[in-house]
Amino acid sequence: MQAQEGAVAVAMDQAVADTEMVTTEAAASDALLPVLLPIGGGEAMVEAADAVRSDEMRGLLAAIRRLASIVEEETTALATGQKIDFDDFSARKSRSMLEFVRLMRARMHLGGEVEITEEIQRLREKLERNRSILEMHYDAVREVASIIVKAVKDAESDGTYTGRTAQDGK
């Protein structure tokens with residue numbers, strides 16, 4: 001952004017210098033009135049700024065789509081019962097999320113773009129589905145763990161310290 005502002009400032013200084021040169025030349029001949037002539041580079045500057053903005057937008061969209069792809073990959077693996085390396089998915093999601101947050105902070109002016117807003121909404125939906133499936137798996141793991149803990153306690157107990165109700169099956 002600062003590079004763009006610097007380029008605009010240089011172009012504006014150049015426009016002023018070119019205008020001064022034209023008016024000075026005209027004054028020297030005394031036959032012409034001072035005239036401000038447009039510099040053809042103005043449109044090129046706008047196109048260059050649009051190209052930079054377009055590159056920024058493509059970069060931000062790519063980061064959002066990468067994050068969405070990782071989340072979707074994990075969700076699909078969970079839903080289909082594939083073996084999952086949770087550490088790998090966690091690291092990949094963290095790196096991708098960090099990239100996304102950094103790009104969003106640097107390019108806040110792109111936050112109002114319709115395409116970016118739509119991609120973020122799709123990402124949000126994928127994250128919600130992912131959270132739901134992860135929560136379901138977490139609940140299942142917790143339930144299995146409690147069954148195992150109960151079975152271990154029952155296997156280790158010889159009934160010496162349990163109350164009469166436990167021995168009677170109540």
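Here are a few exercises with worked solutions on the structure above, which is a predicted model.

**Exercise 1. Work out which secondary structure elements the chain contains and in what order they run.**

Step 1: Start with the count. The chain has five helices and zero strands.

Step 2: Now follow the chain from its N terminus. The order of elements reads α-α-α-α-α.

**Exercise 2. Describe how much of the chain is buried, what its surface is made of, and how far apart in sequence its contacts reach.**

Step 1: Look at burial. The chain has 170 residues, and 17% of them count as buried.

Step 2: Turn to the surface. About 12,600 Å² of the chain is accessible, and carbon and sulfur atoms account for 59% of that area.

Step 3: Consider the contacts between residues at least 6 apart in sequence. Of these, 71% join residues at least 24 apart.

**Exercise 3. Find the largest nonpolar core and say which helices supply it.**

Step 1: Here is a general idea to keep in mind. In soluble globular proteins, nonpolar side chains tend to be buried together.

Step 2: Pick out the central members. The largest nonpolar core has 13 residues, and those touching the most other members are Leu60, Ile64, Phe100, Ile116 and Leu123.

Step 3: Assign the core to helices. At least two of its residues come from each of helix H2 (41-80), helix H3 (86-106) and helix H4 (114-156). H2 gives the largest share of this core, with eight residues.

Step 4: Check for a further core. Another one, of six residues, lies apart from the largest core and includes Ile70, Ala77, Leu78 and Ile133.

**Exercise 4. Describe how H3 and H4 pack against each other.**

Step 1: Decide what to look for. Two packed helices are described by the angle between their axes and the distance between the axes.

Step 2: Read off both values. H3 and H4 pack at about 155 degrees, and their axes are 15 Å apart.

Step 3: Interpret the angle. Angles over 145 degrees count as roughly antiparallel, so H3 is roughly antiparallel to H4.

Step 4: Add the handedness and the residues. The crossing of H3 and H4 is left-handed. On the H3 side, Phe86, Lys93, Phe100 and Met104 meet Ile120, Asn130 and Leu134 of H4.

**Exercise 5. Is Met57 buried or exposed, and what does Lys93 touch?**

Step 1: Locate Met57, which sits in helix H2. Its relative accessible area is 16%. Buried means under 20%, so Met57 is buried.

Step 2: Compare sequence with space. Met57 and Arg107 are 50 residues apart in sequence, while their C-alpha atoms are 8.5 Å apart.

Step 3: Move to Lys93, a residue of helix H3. Leaving out residues up to four places away in sequence, Lys93 touches Leu67, Ile70, Val71, Glu74, Asn130 and Leu134. Lys93 and Val71 are 22 residues apart in sequence and 7.2 Å apart from C-alpha to C-alpha.

Terms used: Residues numbered from 1 in each chain as written. Predicted model: local features only at pLDDT ≥ 70, side-chain atom pairs only at ≥ 80, totals over all residues. Heavy atoms only, no water. Helix = DSSP H or I, 4+ residues; strand = E, 2+ residues; numbered from the N terminus. Buried < 20%, exposed > 50% of the residue type's maximum accessible area, 1.4 Å probe, protein only. Contact = heavy atoms within 4.5 Å. Areas by Shrake-Rupley, 256 points an atom, 1.4 Å probe, with all protein chains shown as cover. Core = buried A, V, L, I, M, F, W, Y, C linked by side-chain atoms within 4.5 Å. Axes fitted to C-alpha atoms, helices over the stretch in contact; angles between N-to-C directions. Parallel < 35°, antiparallel > 145°, perpendicular 65-115°, else oblique. Left-handed = near helix turned anticlockwise from the far one by under 90°.
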